[in-house]
Amino acid sequence: MVTLRTERDHIATECFSKNPSFVVKLAPEIKQLFWYLTPYAFNLVHFKINYIDQ
């Protein structure tokens with residue numbers, strides 16, 4: 001039982017500690033939005049920001 005809990009905790013920790021590769025390339029302001037918003041909301045906002053910048 002202890003090993004199953006340890007394995008589950010290890011997998012959960014890895015999921016939360018990994019950063020998507022595209023986040024590294026974002027500006028600091030956009031990166032804050034990524035961590036604050038849900039993925040769906042971030043995609044909408046990021047699309048609008050890119051549209052405005054062009």
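Y40, L44 and V45 come together on the surface as a nonpolar patch, and their joint accessible area is about 310 Å². That is a handy place to start with this predicted model. The protein behind the patch has three helices and zero strands, and its C-alpha atoms fill a box of roughly 55 × 20 × 15 Å along the principal axes. Here is the rest, topic by topic.

**Overall build**

- Read from the N terminus, the order of elements is α-α-α.
- The protein is more spread out than a compact globule, because its radius of gyration is 16 Å, well over the 10 Å that the globule rule gives for 54 residues.
- Of the 54 residues in the protein, 9% are buried.
- About 5200 Å² of the protein is exposed, and 64% of that comes from carbon and sulfur atoms.

**Helix α3 and its residues**

- Helix α3 covers residues 39–53, and Y40 of the nonpolar patch is found in it.
- Y40 counts as exposed because its relative accessibility is 62%, and the cut-off for that class is over 50%.
- H46 also has its place in helix α3. With a relative accessibility of 22%, H46 counts as partly exposed, since the buried class needs a value under 20%.
- D53 is another residue of helix α3. The relative accessibility of D53 is 62%, so this residue counts as exposed.

**Distances across the model**

- If you like checking long-range pairs, try H46 and T3: they lie 43 residues apart along the chain, and 41 Å separates their C-alpha atoms.
- A second pair to look at is D53 and E14, with their positions 39 residues apart in sequence and a C-alpha to C-alpha distance of 35 Å.

**Charges**

- The structure holds one salt bridge. In a salt bridge, the side chains of R8 and D9 meet at 3.8 Å, N to O.
- D9 is partly exposed, as its relative accessible area is 39%, a value that falls between the buried limit of 20% and the exposed limit of 50%.
- For the protein's 6 positive and 5 negative charges, the two mean positions are 3 Å apart.

**To take away**

- In this predicted model, the α-α-α run of elements goes with a radius of gyration of 16 Å, which is well over the 10 Å of the globule rule.
- For a tour of the surface, the patch of Y40, L44 and V45 is one stop, and the salt bridge between D9 and R8 is another place to look.

Technical notes: Residues are numbered from 1 along each chain as its sequence is written. This is a predicted model: local features need pLDDT of at least 70, side-chain atom pairs count only at pLDDT 80 or more; totals for chains, interfaces and linings use all residues. Side-chain values use heavy atoms; hydrogens and water are left out. Patches are made of residues with over 30% relative accessible area and no salt bridge: like charges are joined within 9 Å, nonpolar side chains (Val, Leu, Ile, Met, Phe, Trp, Tyr) within 5 Å. Accessible areas come from the Shrake-Rupley method with a 1.4 Å probe; for residues, only the protein chains shown count as cover. A salt bridge is a side-chain nitrogen of Lys or Arg within 4 Å of a carboxyl oxygen of Asp or Glu. Helices (H or I, at least four residues) and strands (E, at least two) are DSSP runs, numbered from the N terminus. Buried means under 20% relative accessible area, exposed over 50%, partly exposed in between (1.4 Å probe, protein chains only). The radius of gyration is taken over C-alpha atoms; the globule rule is 2.2 Å times the number of residues to the power 0.38. Lys and Arg count as positive and Asp and Glu as negative; His and the chain ends are not counted. The place of a charge is taken as NZ of Lys, CZ of Arg, CG of Asp or CD of Glu.
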